[in-house]
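Okay, thanks for coming, everybody. Let me put the model up on the screen and then I'll walk you through it.

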2 protein chains.
Amino acid sequence: MTITMRDVARASGVSLMTVSNVINGRPGAVGTETRLRVLEAVDRLGYEVNLTARRLRNGRTGAIGLIVPRFDHPYFGELEARLARELAKSGRHLSVEQSGASAEGELAALSHARIATYDAVLLSVVGLHYDDVDKLRTSVPIVLLGEQSMPSRFDHVQLDNEGGAHLATAHLIDKGARNVLIVGGEEDGPESMTATRTRGWERAHADAGLTPRRDGVLPLPELEIACAREEVRKRLAETPEIDGIFAITDQVAIGVLAGIHDARLRVPEDVQVVGFDNLALGEHITPGLTTIDPSHDWMVKKAVELIDQRIAGEDVPPQHLVSPGALVVRGSTKA
Amino acid sequence: MTITMRDVARASGVSLMTVSNVINGRPGAVGTETRLRVLEAVDRLGYEVNLTARRLRNGRTGAIGLIVPRFDHPYFGELEARLARELAKSGRHLSVEQSGASAEGELAALSHARIATYDAVLLSVVGLHYDDVDKLRTSVPIVLLGEQSMPSRFDHVQLDNEGGAHLATAHLIDKGARNVLIVGGEEDGPESMTATRTRGWERAHADAGLTPRRDGVLPLPELEIACAREEVRKRLAETPEIDGIFAITDQVAIGVLAGIHDARLRVPEDVQVVGFDNLALGEHITPGLTTIDPSHDWMVKKAVELIDQRIAGEDVPPQHLVSPGALVVRGSTKA
DNA sequence: CTGAAAGCGCTAACAA
DNA sequence: TTGTTAGCGCTTTCAG
């Protein structure tokens with residue numbers, strides 16, 4: 001059967017508490033000789049702590065939870081990797097769960113019960129509804145991560161959607177595009193990521209003294225590659241004068257590039273493209289994808305600082321941090 | 001403070017056990033009227049079970065662990081998504097951790113203590129060493145997932161590396177390629193994924209009555225896009241007669257395509273390319289990536305069957321399942 | 001159908 | 001420096 005502290009205590013002829021003290025390396029709480037004896041027993045028996053019991057007792061594990069809408073978007077994969085790296089610095093580890101995407105029941109990831117499993121939770125709110133998040137009541141610190149507008153009682157690290165979209169669109173205009181589509185955009189929506197970026201696209205036109213095309217917003221039922229590809233192909237067949245596309249995410253941009261190719265047009269000669277997110281992949285597709293870099297590292301660092309602050313019990317008002325975007329120019333726009 | 005069963009019991013004037021019975025929906029263990037009273041209290045107080053306590057007591061959570069070498073490879077993202085979907089069918093959920101990639105300490109993900117946190121663990125063994133895995137001693141069921149050759153005492157679902165590589169290479173030869181590189185290959189290695197696929201590449205040549213190029217194996221320090229791109233570019237400059245490339249993974253294939261483009265050659269006219277994995281992305285890059293599909297869904301289904309079998313305590317000998325690969329033809333090879 | 005007692009493995013607080 | 005006591009919140013006996 002599984003070996004407990006009790007076994008180790010018996011084997012080394014000390015009390016439970018002494019074993020606990022050794023295991024947790026409490027400074028100067030146990031004599032060198034005893035410690036050695038205990039460690040020997042630990043080794044011989046192959047004892048390892050029961051994290052579940054420890055957690056029940058003192059409420060701490062080294063586990064931080066990250067809840068993403070879905071596992072299979074590279075955007076989240078990159079986010080996960082960055083966070084894991086940042087947390088590793090302080091000896092904690094990341095455990096990732098999925099909230100959305102699949103069936104209804106997956107909202108269970110947001111349940112108090114599951115959240116309470118972690119020392120703190122980072123919640124990627126893309127695709128989540130305000131109300132779902134607003135329902136969360138828990139003593140576990142939660143930090144929101146992402147673009148949506150969300151209940152202000154939470155700490156929130158987000159990126160400057162409107163500014164980034166403005167930057168992207170302005171770059172297209174600057175490079176000569178005069179018929180610029182926003183693929184994945186949304187007019188008159190709520191404060192969603194898509195609506196906010198669409199506003200940036202509009203404002204960039206206005207600031208350049210232009211008016212966006214009437215039919216300039218090409219909404220997508222889903223921000224998926226296949227979907228973007230299909231819609232763009234159809235659209236370019238109808239309105240071949242399109243010479244610039246702001247894709248609302250890099251993921252969408254991949255589909256946009258494929259759609260342009262399907263329409264037998266060239267990038268950037270016929271149509272220039274800018275994405276948003278700066279996925280690692282964007283550097284290695286052909287042509288390289290011009291995009292908006294949201295300073296992921298900064299965001300991740302800030303997010304971890306926020307959870308640490310909360311874990312430490314600091315009682316400051318909720319913080320809302322915004323990361324500015326930066327333009328990264330590659331081959332999908334003209335030199 | 002947090003609400004416990006005790007609070008609910010008090011509030012509804014019943015005993016702890018009755019509340020537990022209601023919460024766990026034990027059939028016919030509690031009268032309808034009492035149940036309603038309890039549920040009302042649960043609702044009113046906003047009670048949710050403490051999963052940690054439950055786990056300590058009965059050793060079960062609905063949590064299955066998946067340990068991947070790294071978060072930011074699309075291959076694992078897709079695996080995670082598939083597994084989560086499969087597990088959701090039976091009301092369990094997936095929690096993903098990272099084993100490799102970053103610092104030394106990350107091997108901690110394989111520690112008994114962390115593994116014991118789950119009902120069962122799926123371990124993606126790509127990049128793990130035999131010995132690391134062989135050290136694992138735990139009562140939690142572990143199913144290995146992936147290509148490496150591993151201690152046979154574990155259940156293991158893997159794919160037919162040699163067969164798949166054979167299929168890929170034979171296709172290139174069939175389409176007229178006579179100078180076929182394997183990018184990311186490895187000669188005389190141990191039973192690693194790279195070595196096994198390299199053997200398939202060799203055998204395909206032999207079966208076609210050809211001998212592979214002497215310099216046909218282009219090893220990569222890492223199976224990364226950037227790395228593959230660089231090596232391929234350099235290599236094509238040296239030996240422009242290369243007319244076919246088998247990329248050891250789709251990830252590598254992306255880099256290969258970029259490298260070919262850097263060398264101002266065309267795919268598939270000048271160089272044909274086949275990958276391995278059938279990543280979703282492969283369909284949407286230009287040109288579409290011909291690849292080997294390892295029947296991911298089958299693998300995932302089998303893996304879940306295996307863990308269920310072990311969780312149920314069936315005492316059958318370790319199973320080793322192999323999924324055959326199938327060729328998926330797209331634009332990166334000739335019609 | 002409902003309840004009381006015991007204990008999962010650990011650690012905080014105190015005593016020796 | 002070491003040991004004892006108590007209890008985290010839950011579920012598994014076993015009695016009523």
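So, the surface near DNA strand D: α2 (16-23) and α4 (51-58) of chain A, along with α2 (16-23) and α4 (51-58) of chain B, each put in at least two residues. Keep in mind that this is a predicted model. Which element gives the largest share of that surface? It's α4(B), with four residues.

Altogether, 25 residues surround DNA strand D, and the closest are A:Gly31, A:Thr34, A:Arg57, B:Met17 and B:Tyr47. If you look at the strand's side of things, 67% of the atoms of DNA strand D that come within 4 Å of the protein belong to sugar and phosphate. By class, the protein residues there split into 10 nonpolar, 11 polar and four charged.

Now the atom pairs, bases to begin with. A:Arg57 has a side-chain N or O atom 2.7 Å from a base nitrogen of DNA strand D. B:Arg57 also goes to a base of DNA strand D: a polar side-chain atom sits 2.9 Å from a base oxygen. B:Met5, on the other hand, uses its backbone, with an N or O atom 2.6 Å from a phosphate oxygen of DNA strand D.

Okay, over to the other strand. Around DNA strand C there are 24 residues, and A:Met5, A:Tyr47, B:Gly31, B:Thr34 and B:Arg57 come nearest. Sugar and phosphate make up 68% of the atoms of DNA strand C that come within 4 Å of the protein.

What does A:Met5 reach on DNA strand C? A phosphate oxygen, 2.6 Å from a polar backbone atom of A:Met5. B:Ser15 likewise has a polar backbone atom at 2.9 Å from a phosphate oxygen of DNA strand C. A:Arg54 uses its side chain, putting a polar atom 2.8 Å from a phosphate oxygen of that strand. The elements giving two or more residues to the surface near DNA strand C are α2 and α4 of chain A together with α2 and α4 of chain B. The largest share here is three residues, and that comes from α4(A). As for classes, you get 10 nonpolar, 10 polar and four charged residues near DNA strand C.

Let's leave the DNA and go to a spot where the two chains touch. A:His284 is in the loop between β9 (272-274) and β10 (291-293) of chain A. Leaving out residues up to four places away in sequence, A:His284 touches B:Ile225, B:Ala226, B:Arg229, B:Ile254 and B:Ala258. Buried or exposed, then, for A:His284? Its relative accessibility is 10%, so with the cut-off for buried at under 20%, A:His284 counts as buried.

Next, rings. The count of aromatic pairs over all chains is four. One of them is B:Tyr75 with B:Phe76, edge-to-face, with the centres 5.3 Å apart and 85° between the planes. B:Tyr75 is buried at 14% relative accessible area, and B:Phe76 is buried too, at 4%.

Then there's the pair of B:Phe246 and B:Phe276, which is tilted: 6.4 Å centre to centre and 45° between the planes. That pair links distant parts of the chain, 30 residues apart, with B:Phe246 in strand β8 (residues 244-247) and B:Phe276 in the loop between β9 (272-274) and β10 (291-293) of chain B. B:Phe246 has 0% relative accessibility, so it counts as buried, and B:Phe276, at 1%, counts as buried as well.

And what lies over the face of B:Phe276? B:Arg197, at 3.6 Å from the ring centre. Over in chain A, the charged end of A:Arg197 sits over the ring of A:Phe276, 3.6 Å from its centre.

Last stop, B:Val304, out in helix α12 (residues 296-311) of chain B. With a relative accessible area of 5%, B:Val304 is buried. Which residues does B:Val304 touch, not counting those up to four places away in sequence? B:Leu83, B:Glu86, B:Leu87 and B:Arg92. And if you want a distance to check on screen, the C-alpha atoms of B:Val304 and B:Phe71 are 21 Å apart, with their positions 233 residues apart along the chain.

That's my tour; over to you.

How values were computed:
Residues are numbered from 1 along each chain as its sequence is written. Chains are lettered from A and ligands numbered from 1 in the order in which they are written. This is a predicted model: local features need pLDDT of at least 70, side-chain atom pairs count only at pLDDT 80 or more; totals for chains, interfaces and linings use all residues. Side-chain values use heavy atoms; hydrogens and water are left out. A residue is near a molecule or strand if one of its heavy atoms lies within 4 Å of it. A polar contact is a pair of N or O atoms within 3.5 Å; within protein, one must be able to donate a hydrogen and the other to accept it, and residues adjacent in sequence count only if both atoms are side-chain atoms. Ala, Val, Leu, Ile, Met, Phe, Trp, Tyr, Cys and Pro count as nonpolar, Asp, Glu, Lys and Arg as charged, and the others, Gly among them, as polar. Buried means under 20% relative accessible area, exposed over 50%, partly exposed in between (1.4 Å probe, protein chains only). Contact means heavy atoms within 4.5 Å. Rings of Phe, Tyr and Trp (its six-membered ring) pair if their centres lie within 6.5 Å; planes under 30 degrees apart count as stacked, over 60 as edge-to-face and the rest as tilted. A charge sits over a ring if NZ of Lys or CZ of Arg is within 6 Å of the ring centre and within 35 degrees of the ring normal.
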